[in-house]
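Q: I'd like to learn how to read strands, helix packing and burial in a model like this one. Could you walk me through some cases?

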Amino acid sequence: MKKLLTVDDVSVLEIESMLRDASEFAKGKRWRPKQQIFVANLFFEPSTRTKSSFEMAERKLGLEVIPFEAGTSSVLKGETLYDTVKTLQSMGVNMVVIRHEKERYFEELKTCQIPIINGGDGCGNHPTQTLLDLLTIKQEFGKFKDLQVSIIGDIRHSRVARSNANALTRLGAKIRFSGPPEWFDESMKCFGPYVEIDEAICTADVVMLLRIQHERHAQTLDLTKEEYHQIYGLTVEREKKMKANSIIMHPAPVNRNVEIASELVECSRSRIFKQMRNGVYVRMSVLKNILETFTEEIGYENHNQKWMAR
Amino acid sequence: MKKLLTVDDVSVLEIESMLRDASEFAKGKRWRPKQQIFVANLFFEPSTRTKSSFEMAERKLGLEVIPFEAGTSSVLKGETLYDTVKTLQSMGVNMVVIRHEKERYFEELKTCQIPIINGGDGCGNHPTQTLLDLLTIKQEFGKFKDLQVSIIGDIRHSRVARSNANALTRLGAKIRFSGPPEWFDESMKCFGPYVEIDEAICTADVVMLLRIQHERHAQTLDLTKEEYHQIYGLTVEREKKMKANSIIMHPAPVNRNVEIASELVECSRSRIFKQMRNGVYVRMSVLKNILETFTEEIGYENHNQKWMAR
Amino acid sequence: MKKLLTVDDVSVLEIESMLRDASEFAKGKRWRPKQQIFVANLFFEPSTRTKSSFEMAERKLGLEVIPFEAGTSSVLKGETLYDTVKTLQSMGVNMVVIRHEKERYFEELKTCQIPIINGGDGCGNHPTQTLLDLLTIKQEFGKFKDLQVSIIGDIRHSRVARSNANALTRLGAKIRFSGPPEWFDESMKCFGPYVEIDEAICTADVVMLLRIQHERHAQTLDLTKEEYHQIYGLTVEREKKMKANSIIMHPAPVNRNVEIASELVECSRSRIFKQMRNGVYVRMSVLKNILETFTEEIGYENHNQKWMAR
């Protein structure tokens with residue numbers, strides 16, 4: 001793999017291969033490139049989770065992480081994203097991870113030779129989030145085929161709803177959507193039906209909640225947080241109606257008592273913090289995959305290490 | 001030791017043990033954990049000194065420091081401190097250092113398993129500052145018993161006055177307080193009397209100045225900086241009346257010509273920059289102590305290195 | 001060399017030696033100090049290029065880079081630059097790189113023992129930029145003697161125009177200036193004449209464009225960007241009149257279609273991205289030079305590594 005911009009571009013075979021590597025990392029296996037590799041994380045939007053997760057993954061692989069603060073960079077002087085990436089490439093940075101508010105910002109970077117990993121583009125894509133969701137489901141059920149997955153909440157403004165629905169469908173799972181009808185997106189119907197919230201929750205093997213993207217859209221429902229929680233949220237009552245062995249997922253950060261009751265965040269069904277742990281393993285896997293491809297392609301010295309004993 | 005939130009929680013024996021290790025580090029001894037250990041420094045208030053000092057300590061121990069900028073984190077999206085810490089823990093961060101404007105912020109983190117080192121909580125505590133002050137005094141006098149220590153200045157809003165007074169008293173030193181009576185705190189009387197500024201200065205082995213916390217309280221005296229300096233500051237004239245072999249301490253950053261005359265900052269009695277050097281050694285000692293405890297407790301592979309020859 | 005504040009302080013012999021080392025680094029040679037060396041990059045002005053370039057250089061030499069964010073530092077609490085540097089020195093930082101908006105900020109740091117590398121002072125100096133420009137020219141022509149260099153643009157507010165003119169003159173090159181007469185500086189005439197833009201471009205071996213420092217001065221010409229480009233910029237038409245084998249340089253970030261036509265930024269004459277690559281090698285060379293001197297002077301253990309095979 002030369003880059004990771006959207007999950008839609010990645011074949012089922014590649015997805016499975018990356019999940020396999022991520023599972024190995026989760027088991028404690030190690031892999032490191034033998035030479036010094038430089039990576040920069042360009043985050044033009046606030047983020048704890050994704051940025052720290054990439055940083056952890058990079059450090060665990062022994063990569064050198066070049067700090068980049070969008071807020072103090074030359075972007076303030078009007079430099080384009082293209083020139084910023086090209087600059088880092090010229091300096092010897094070997095890979096970049098980018099999060100940017102502009103949907104499909106990566107279109108303008110097509111002629112950059114450096115591998116780009118998309119850390120989130122506006123309301124567009126967030127491929128490593130999809131991969132970590134897939135890993136979490138696979139660890140739980142060992143398969144995707146015929147699993148019932150309900151995706152619930154702010155579907156229209158989510159950057160994972162579409163990718164997750166697409167990838168899960170390709171892997172054989174069955175999708176349902178729920179949440180405020182105003183936030184549903186008709187173009188999602190190809191992946192599965194919109195159903196009532198209670199049906200979505202009690203029929204699912206995986207209840208996949210989405211975060212309300214307050215910061216990404218002004219369009220609000222005419223509801224208080226309490227009302228939203230009662231009507232569309234995973235309340236304590238609704239959790240009791242979930243299927244045996246079904247699980248709860250959420251990309252976090254969680255709006256407690258809005259999408260999900262606060263006391264359910266760490267309940268036995270919740271995989272929310274496990275998703276975060278898996279995020280590191282999945283990103284290690286993506287970095288490894290790209291490094292292996294890239295070293296062959298453009299002439300890094302090709303002596304990546306084999307898997308090492310722990 | 002499993003965490004370091006306040007010095008009051010730490011026994012005299014533990015304090016002495018940590019000062020001993022810090023002295024070894026000061027002499028150039030080395031100690032490193034054998035495995036990759038991740039630490040994050042969460043500073044929600046501006047800081048050069050403490051943050052850089054922890055960073056130096058962590059790097060000298062070979063730890064991986066995960067960058068965390070409060071200003072661009074998900075805390076902006078309304079995430080709680082608990083969820084932030086829990087997130088980092090889930091990702092594999094092994095320890096966190098936190099500075100937060102909220103006094104006793106750590107109460108809400110009680111159920112986090114990850115060790116927390118308090119880098120300062122509002123007007124509350126700043127335990128590593130206390131430890132570095134103790135190390136500096138010990139290096140100078142070899143003991144605490146019957147030493148005269150005068151703590152002078154903005155006592156009410158200081159996060160070291162109380163902890164220092166408490167720890168020094170437990171170690172056998174004698175405390176006096178001085179400074180603006182409006183900023184004295186009656187509850188400190190259990191540690192020692194309030195005295196006039198000239199008495200405080202000419203009787204002390206250690207003149208411990210406090211920083212005026214302009215940024216932490218609006219309550220100002222009806223005095224110009226020059227007047228404050230003349231009435232409550234360590235002026236050039238007052239320094240001349242200090243006891244032979246007595247020393248000057250200040251946690252810094254110094255307000256030059258307010259708490260202390262600018263020309264005294266680097267005078268022969270001043271240990272101000274030595275305190276900064278000691279800060280690194282003390283923090284290395286705290287980190288070592290916690291790492292040693294923690295590796296035994298929750299199952300890190302327990303093969304910390306022994307002390308190494310320099 | 002004990003510090004690098006301006007290129008004017010550096011002898012021709014030292015310049016040549018640093019360019020030689022930089023060339024070795026460009027060829028892939030390695031050099032690292034044997035002990036752990038700490039460096040802090042203090043950037044009080046926005047910067048992608050220079051800060052990242054120093055960071056790359058430092059990491060390639062295996063140095064420990066202590067993060068320092070001016071925006072969250074104690075400078076906010078009114079700490080002086082002197083006290084900040086002295087603090088870092090006390091903590092064990094071995095070198096600092098500083099960029100500051102104040103011209104000749106380093107005058108107030110004269111009594112600091114720690115080596116300082118100037119990363120840019122207001123409209124004053126930017127010595128590593130000059131060195132990287134020199135390296136780029138030397139790689140191209142193998143010499144400086146009798147080369148025709150035209151320096152074009154915002155000469156008055158540039159921090160490289162004067163240093164570059166001075167260094168190039170000392171090395172034997174011939175300088176011409178062009179650009180808006182309002183932005184020319186009469187005191188530069190000692191280095192060479194002011195000529196019309198077309199003459200400057202068609203006679204030069206090196207067309208050295210300067211960035212318009214919008215952020216450093218309010219004084220604007222009464223021209224739109226398009227008019228500036230037509231009158232003083234390197235347009236597509238003017239590029240066609242350049243001498244055979246002549247090259248285009250620009251310190252970047254580029255204002256596309258102002259100083260230079262956007263389509264020329266990556267044309268075959270352009271060395272703009274090569275300059276960035278050279279920036280890393282030149283900074284490695286400066287750091288090496290200072291580390292070698294300093295380890296002898298003030299008693300670091302002197303066992304720097306010799307050049308290593310790649």
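A: Sure, starting with one sheet: strand E5 (residues 148–152) of chain A is joined to E6(A) by 5 bridges, and the two run parallel. Before we go on, this is a predicted model, where local features need pLDDT of at least 70, side-chain atom pairs count only at pLDDT 80 or more, and totals for chains, interfaces and linings use all residues. Residues are numbered from 1 along each chain as its sequence is written, chains are lettered from A and ligands numbered from 1 in the order in which they are written, and side-chain values use heavy atoms, with hydrogens and water left out.

Q: What counts as a strand or a pair here?

A: Strands of a sheet pair through backbone hydrogen bonds, either parallel or antiparallel. Helices (H or I, at least four residues) and strands (E, at least two) are DSSP runs, numbered from the N terminus. Two strands pair if DSSP finds at least two bridges between them. For a single bridge, take Gln148(A), whose partner in E6(A) is Lys174(A).

Q: In what order do the strands of that open sheet lie, and which are the edge strands?

A: The order is E6-E5-E7-E8 in chain A, 4 strands with parallel pairing. At the edges sit strand E6 (174–178) and strand E8 (247–249) of chain A, each pairing on one side only. On average, neighbouring strands of this sheet are turned by 20° against each other, direction ignored. (Axes are lines fitted to C-alpha atoms, for helices over the stretch in contact, and angles run from 0 to 180 degrees between N-to-C directions.)

Q: How do I read the two faces of a strand, say E3 of chain A?

A: In a regular strand the side chains alternate between the two faces of the sheet. In E3(A), Met95(A), Val97(A) and Arg99(A) point one way, Val96(A), Ile98(A) and His100(A) point the other way, and all are buried. Buried means under 20% relative accessible area, exposed over 50%, and partly exposed in between, with a 1.4 Å probe and protein chains only. That fits the count for strand E3 (residues 95–100) of chain A, which is mostly covered, with 6 of its 6 residues buried.

Q: Which strands does E3(A) pair with?

A: Strand E1 (residues 38–43) of chain A runs parallel to E3(A), joined by 5 bridges, and Leu42(A) has Ile98(A) as its bridge partner in E3(A). There are also 4 bridges from E3(A) to strand E4 (residues 116–121) of chain A, again parallel. One of the partners there is Asp121(A) in E4(A), opposite His100(A).

Q: Are the residues of E1 in chain B buried or exposed?

A: Buried: strand E1 (residues 38–43) of chain B has 6 of its 6 residues in that class. Phe38(B), Ala40(B) and Leu42(B) lie on one side, with Val39(B), Asn41(B) and Phe43(B) on the other. E1(B) pairs in the parallel sense with strand E2 (residues 64–66) of chain B over 3 bridges, and Phe38(B) has Glu64(B) as its bridge partner in E2(B).

Q: Now helices. How do I describe two that pack together?

A: Two packed helices are described by the angle between their axes and the distance between the axes. In chain A, the axes of helix H1 (residues 12–26) and helix H4 (residues 127–141) come within 10 Å and cross at roughly 70°. That makes H1(A) roughly perpendicular to H4(A); angles under 35 degrees count as roughly parallel, over 145 as roughly antiparallel, 65 to 115 as roughly perpendicular and the rest as oblique.

Q: Which residues meet in that contact of H1(A) with H4(A)?

A: From H1(A) come Ile15(A), Met18(A), Leu19(A), Ala22(A), Ser23(A) and Ala26(A), and they meet Leu131(A), Leu134(A), Leu135(A), Lys138(A) and Gln139(A) of H4(A). Contact means heavy atoms within 4.5 Å. These residues divide into 8 nonpolar, 2 polar and 1 charged, where Ala, Val, Leu, Ile, Met, Phe, Trp, Tyr, Cys and Pro count as nonpolar, Asp, Glu, Lys and Arg as charged, and the others, Gly among them, as polar.

Q: And a single buried residue, such as Asn164(A): which residues does Asn164(A) touch?

A: Asn164(A) is in helix H5 (residues 161–170) of chain A and counts as buried at 2% relative accessibility. Not counting residues up to four places away in sequence, Asn164(A) touches Thr130(A), Asp133(A), Ile151(A) and Met208(A).
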